[in-house]
Amino acid sequence: MSDTPRLVDAHHHLWDLDHRPQPWLDEPGLEAIRRTFGVPDLRSAATRPIAGRGLTGTVVVQCVTSVPETRELLALADADPLIGAVVGWVDLTSPAVADVLDELLAGPGGPYLRSLRHLVQGESDPEWLQRPAVERGLRAAGERGLAYDVLIRSHQFDQAVELADRFPELPLVLDHAGKPPIADGDLGDWERAVRSLAARPQVRCKVSGLVTEADPHRWTIDDIRPVWDVLLSAFGADRLMFGSDWPVCVLAGGWNRWAATVEELLDGCSAAETSAVLADTATAFYRLNSPTLKTP
């Protein structure tokens, strides 16, 4: 294995609008990212090192509720060495969820499927993650060695805490730090909730997606630092992982500006803490050095 210090982007997206529509991009204000983004675009965008580390690996994350999209992301991972893992989507409520997972894992690029995600942030049911059908799907995922990416807004933390308590063996990662209301300036409720979730030892957290929760045009590191301080205190560096949320971050400065911000936030951290945030936590969680997963 190379001794070159690694930098893992634990959260980015890819989409080809000529092949698969992304209806969410029709919302006002998203014009700057309403185009196709592929791996070559990521390589061109992610040029700034963090703490002397250039980008060495990534985790690509689903955007739409589509099994075919997950197949496409797995094929991309199979074809490009930069992508080390895929966070895909399946219908967790489907009675056939186990069969769908087995088909994905056995198909092209299947070993790169390491986690699942659902857009819980858009669900109105305050107990969506506790639905019996959802729990059945999560149990099938866990039996196949998969983790789960938790995408919630700050008012949905109760669901995530309950999920962690009911599935103590299921590795969980909180996407985008639970979307703290940075632009509103009141982090009190979010801080209490994130500390409660962090008390569950199987939960990790992505330092990602923060700049679009701030004012995307006027944010500074001073807006982000209070969130970082809470995350570092609550989770510790060894449970945090850097993610860009590219190309969504293009709306708020882009990959390189976020990389520069993360490097400044890491100032004062030890070499081991910096390595954890920039590579080690994501590598362990997504098993980026492992080519296979266990079978149920």
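Which residue's side chain is joined to that of Thr283 by a polar contact? That partner is Arg6, and the polar contact between the two side chains spans 2.8 Å. Keep in mind that you're looking at a predicted model. Below is a quick tour, starting with Thr283 and then moving on to the cores, a helix pair, some backbone oddities and two exposed loop residues.

**Thr283 and its surroundings**
- You'll find Thr283 in helix α9, which covers residues 271–285.
- Thr283 has a relative accessible area of 9%, so it counts as buried, the cut-off being under 20%.
- Setting aside neighbours within four places in sequence, Thr283 is in contact with Arg6, Val8, Leu288 and Asn289.
- Arg6 therefore turns up twice for Thr283: in that list of contacts, and as the partner in the 2.8 Å polar contact.
- Follow the chain from Thr283 to Met241 and you cover 42 residues, yet their C-alpha atoms are separated by 9.2 Å.

**The nonpolar cores**
- The largest nonpolar core has 91 residues, and Tyr148 and Leu231 have the most contacts inside it.
- Helix α7 (residues 221–235) gives this core its largest share, with eight residues.
- There's also a second, separate core of 13 residues, including Val87, Val173, Met241 and Ala282.

**Helices α3 and α4**
- Helix α3 (residues 97–106) packs against helix α4 (residues 132–143) at an angle of about 30°, and the axes are 9 Å apart.
- If you're wondering about handedness, the crossing of these two helices is right-handed.
- Where they meet, α3 brings Val97, Ala98 and Leu101, while α4 brings Gly137, Ala140 and Ala141.
- Sort the residues of this contact by type and you get five nonpolar, one polar and no charged.

**Backbone oddities**
- Some background first: most residues other than glycine have a negative phi, and most peptide bonds are trans.
- His176 isn't a glycine, but it has a positive phi of about 55°.
- Right after it in the numbering, Ala177 also has a positive phi, near 55°, and isn't a glycine either.
- His176 sits in the loop between β6 (172–174) and α6, and Ala177 lies in the loop between β6 and α6 too.
- Being in a loop doesn't leave them out in the open here: His176 is buried, with a relative accessible area of 5%, and Ala177 is buried at 0%.
- Further along, a cis peptide bond joins Trp246 and Pro247, with omega at about 0°.
- Pro247 has its place in the loop between β8 (240–242) and α8 (255–265).

**Two exposed loop residues**
- Asp18 is in the loop between β1 (8–12) and α1 (39–45).
- Why does Asp18 count as exposed? Its relative accessibility is 77%, and the cut-off for exposed is over 50%.
- Asp18 and His118 are 100 residues apart in sequence, and their C-alpha atoms are 24 Å apart in space.
- Ala199 belongs to the loop between α6 (188–198) and β7 (203–207).
- Ala199 counts as exposed because its relative accessibility is 56%.
- Between Ala199 and Leu82 there's a separation of 33 Å from C-alpha to C-alpha, with the two 117 residues apart along the chain.

Key:
Residues are numbered from 1 along each chain as its sequence is written. This is a predicted model: local features need pLDDT of at least 70, side-chain atom pairs count only at pLDDT 80 or more; totals for chains, interfaces and linings use all residues. Side-chain values use heavy atoms; hydrogens and water are left out. A nonpolar core is a set of buried Ala, Val, Leu, Ile, Met, Phe, Trp, Tyr and Cys residues joined through side-chain atoms within 4.5 Å. Buried means under 20% relative accessible area, exposed over 50%, partly exposed in between (1.4 Å probe, protein chains only). Helices (H or I, at least four residues) and strands (E, at least two) are DSSP runs, numbered from the N terminus. Contact means heavy atoms within 4.5 Å. A polar contact is a pair of N or O atoms within 3.5 Å; within protein, one must be able to donate a hydrogen and the other to accept it, and residues adjacent in sequence count only if both atoms are side-chain atoms. Axes are lines fitted to C-alpha atoms, for helices over the stretch in contact, and angles run from 0 to 180 degrees between N-to-C directions. A crossing is left-handed if the near helix is turned anticlockwise from the far one by less than a right angle, and right-handed if clockwise. Ala, Val, Leu, Ile, Met, Phe, Trp, Tyr, Cys and Pro count as nonpolar, Asp, Glu, Lys and Arg as charged, and the others, Gly among them, as polar.
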